[in-house]
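Dear colleague,

I am passing on a structure for you to look through. Please open it first, and then read the notes below alongside it.

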Amino acid sequence: MQVIETLAEGLKRELKVVIPAKDMEARMNERLEDAKGKVKINGFRPGKVPFAHLKKMYGKSIMAELVNELVREKPTEILSERGEKSATQPEIAMTENEAEADKILNAEADFEFTLAYEIIPTIELKDTSGIKVTREVVDIDESEVTEQILKIAENARTYEAKTGKAANGDRVTIDYLGKVDGEAFDGGKDEDAELVIGSNRFIPGFEEQLVGLEAGDEKVITVTFPSEYPAANLAGKEATFDITVKEVAAAAEVEINDDLATKLGLESADKLKEVVRGQIESQYGSMTRQKVKRQILDQLDELYQFDTPQRLVDAEFDNIWRQINTDLEQAGKTFADEDTTEDEARVEYRKLAERRVRLGLVLSEIGEKAGVQVTDEEMQRSLFEQLRQFPGQEKQIIDYFQKTPGAAASLRAPLFEEKVVDHLLSEVNVTDKTVSKEELLADDEDESAESKKAVPEKNAAAKAEGAEVTEVAEAAPKKKAPAKKKVADDSAE
């Protein structure tokens, strides 16, 4: 077998692979000899079929099998011998001329094919001890724990029926029927609907018109659906609602005590406070980690500058661009609404894709050299988390991860990345800084726009070994669309 390099330009490589016809024929003959004692052909005793007859009947099909095997197996072997890793699956090209193909199958011509691919660049790891990060830490005040418990308690609050007019904070039980231009619409009807006035669960202007009503009252109220309402047939339309009040109930006082803890499934108020404090610490801890991780990635981005495989960048850009356009469409916005143009956005997100691929390769190399491993148990926990998020779809999800090439890598990649970040945190210079909640939640004013757009670098450490880097699909944070209001919680959208 001959391997001839026909292109070596940057990261691009192209190889011409030639396997002489005599070698192909020798391989075919070995297969035919092996098959000789096994095949049954009418008119011949087992093992007595003349070789020439056997070759005439099965030679081409065996040669076709050999071609497929060589195309499947040789690229990996060749790259390994060359000490190269392909960024994506190499492109393989063979002759499309039927006459030439027929000669190859008859062992009358050499079998030739070409491999085109981009290599993963060699990354020389640099000293990370000079990386300095500030870890912002929030001291949680008891008042914040109390405030959070009171918010939780709102959902467990009891109500007692009362006589008299409904006021803000009261719960009303109502029947309603919504109409547009005098015609009832889908999702605009409900019976015995419970609504706390002031909760802003219903569309703007609805709840305020219930104030002052009493049990037994009937009223027609008029509201206008928001222009961004998800149901296009209702967006921006004026509607009337026929209201019948069934009950008005006043909220009971909320107290943080053992009774409240029991309602929430805990044994005591002290345990409730402990759990809530732990949840707040976890939330702040996640924010702190994201900021620390961002600092590390930004400094790695400055340390490492090298050419990136364009096919990986193309794939990453496509993921980002698809998500950007989906978000804009769902928000009913255009690039002009975001103070940019499509061409400018393409340039910006192309840079982001290049950054993600480059950092992914760097983190992968760091993790590999440090011996970072993702265990089967960690993969299993990640899969269980996926299942937990989609109850009722467990079988489909398991089938997807078992049968879809690269799906398991999408579970492994973020786990691997976080473990590499943990490894880096053990090497870099970390300074703790106590900050307020507001400071932790705020973006750094001096943070660059591109830096902000690169957070979080989800799945950036996916490894490319003969396959595409798994999705680094979470694109830059964007301006949020206005929150959508429903007629009621169970209204049709």
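**An exposed glutamate and its patch**

Glu253 is exposed, its relative accessible area being 72%, where exposed means over 50% and buried means under 20% (1.4 Å probe, protein chains only). This is a predicted model, in which local features need pLDDT of at least 70 and side-chain atom pairs count only at pLDDT 80 or more, while totals for chains, interfaces and linings use all residues. Residues are numbered from 1 along each chain as its sequence is written, and side-chain values use heavy atoms, with hydrogens and water left out.

Glu253 sits in the loop between strand S10 (238–251) and helix H5 (258–263); helices (H or I, at least four residues) and strands (E, at least two) are DSSP runs, numbered from the N terminus. Together with Glu255, Asp258, Asp259 and Asp270, Glu253 forms a negative surface patch, a term for residues with over 30% relative accessible area and no salt bridge (side-chain nitrogen of Lys or Arg within 4 Å of a carboxyl oxygen of Asp or Glu), in which like charges are joined within 9 Å.

**Two residues with positive phi**

Most residues other than glycine have a negative phi. Ala107, however, has a positive phi near 60°, and Asp181 has a positive phi near 55°. Ala107 lies in the loop between helix H3 (98–105) and strand S4 (111–118) and is buried, with a relative accessible area of 13%, whereas Asp181, in the loop between strand S7 (171–180) and strand S8 (183–196), is exposed, with a relative accessible area of 74%.

With best wishes

Methods
Patches are made of residues with over 30% relative accessible area and no salt bridge: like charges are joined within 9 Å, nonpolar side chains (Val, Leu, Ile, Met, Phe, Trp, Tyr) within 5 Å. Accessible areas come from the Shrake-Rupley method with a 1.4 Å probe; for residues, only the protein chains shown count as cover. Lys and Arg count as positive and Asp and Glu as negative; His and the chain ends are not counted. The place of a charge is taken as NZ of Lys, CZ of Arg, CG of Asp or CD of Glu.
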